[in-house]
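Q: I'm new to reading protein models and would love some friendly help. Could you pick one part of this one, look at it closely, and then show me how its surroundings fit in?

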Amino acid sequence: MTKFFYFLAIITAIIFFLLYISLNSAWVTSLDTSVSTLLKGNYFIEFFHYFGKTKFIMIVAVLLLIWLWIRNHNYRGMTLALLTIAGGNVLNHILKEWVHRSRPVIPHQLKSFSFPSGHAMVGILYLFTIAYFATEHEASEKKKIFVWSFAIILAALIGLSRIAGSRHFASDVIAGWAIGYTWFILSVIWYERRKKL
């Protein structure tokens with residue numbers, strides 16, 4: 001990874017922090033209301049929440065671990081996958097309990113807390129981890145761009161699906177993407193430094 005992506009991780013960490021300290025502010029309320037009005041009830045976007053469900057991600061994570069083991073017994077890579085996906089999921093639950101933000105008020109709403117969105121955070125983590133390993137030794141720039149573009153678009157749709165289904169506020173989703181990306185880069189820094197030792 002180039003230094004640009006490290007710098008971007010600092011920006012996303014700042015975005016997460018700004019959203020956290022501004023949850024009760026007028027501009028966050030306005031953001032949440034505007035985006036909810038725009039996306040609420042969009043069944044096409046809402047469909048993508050299935051790709052962020054825990055069971056689906058667990059299956060994908062296990063398949064990724066098996067692939068990393070079969071390909072070249074990449075134990076360090078397996079650790080990275082566990083750090084990003086499983087570690088990110090644990091971090092998400094810790095942050096939700098810490099912030100204690102209630103979800104949007106709708107009938108039959110989920111009982112867990114809202115900030116940051118788990119679908120957005122863990123979605124970006126598992127998709128970016130797959131994209132990272134898929135392009136780690138890829139020479140073709142076109143293939144790299146295709147893989148990463150697919151991962152970014154799908155991660156975006158997973159996050160937006162939670163707003164469309166009124167399961168999260170827009171600020172929850174943005175915060176999930178932001179802290180998810182930051183955690184991903186921190187994990188990759190560990191992986192790439194360990195690789196050089």
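A: **From the whole to one threonine**

Let's start with the overall size: a compact globule of 197 residues would have a radius of gyration near 16 Å, and the protein agrees with this at 17 Å. That radius is taken over C-alpha atoms, and the globule rule is 2.2 Å times the number of residues to the power 0.38. This is a predicted model, so local features need pLDDT of at least 70 and side-chain atom pairs count only at pLDDT 80 or more, while totals for chains, interfaces and linings use all residues. Residues are numbered from 1 along each chain as its sequence is written, and side-chain values use heavy atoms, with hydrogens and water left out.

The C-alpha trace spans about 50 × 30 × 30 Å along its principal axes. You will find 8 helices and 0 strands (these are DSSP runs numbered from the N terminus: H or I of at least four residues for a helix, E of at least two for a strand). Following the sequence, the pattern reads α-α-α-α-α-α-α-α. Of the 197 residues, 45% count as buried (under 20% relative accessible area, with exposed meaning over 50% and partly exposed in between, for a 1.4 Å probe and protein chains only).

Now zoom in on T129, our chosen part. T129 belongs to helix α6, which covers residues 118-135. With a relative accessible area of 0%, T129 is buried. What surrounds T129 there? Setting aside neighbours within four places in sequence, T129 is in contact with L64, A81, T84, I85 and F184 (contact means heavy atoms within 4.5 Å). L64 lies within the range of helix α4, residues 54-72, while A81, T84 and I85 lie within that of helix α5, residues 75-99. The side chain of T129 also reaches the backbone oxygen of L125, at 2.6 Å.

Links across the sequence are a wider theme here. Among contacts between residues at least 6 apart in sequence, 77% join residues at least 24 apart. L31 gives you another example to trace. L31 sits in helix α2, residues 26-39, and at 25% relative accessibility L31 counts as partly exposed. Not counting residues up to four places away, L31 touches A170 and I174. The C-alpha atoms of L31 and A170 are separated by 7.0 Å, although the two residues are 139 residues apart along the chain.

Next, follow the chain between the helices around T129. Most residues other than glycine have a negative phi, and most peptide bonds are trans. With that in mind, look at H73, in the loop between α4 and α5. H73 is not a glycine, yet its phi is positive, about 50°. H73 is partly exposed, with a relative accessible area of 42%.

In the loop between α5 and α6 you meet H108. H108 likewise has a positive phi, about 55°, without being a glycine, and H108 is exposed, with a relative accessible area of 75%. The loop between α5 and α6 also holds P116. The peptide bond from F115 to P116 is cis, with omega near -5°. Keep going along the chain and you enter helix α6 at residue 118, the helix that carries T129.

Notes:
A polar contact is a pair of N or O atoms within 3.5 Å; within protein, one must be able to donate a hydrogen and the other to accept it, and residues adjacent in sequence count only if both atoms are side-chain atoms.
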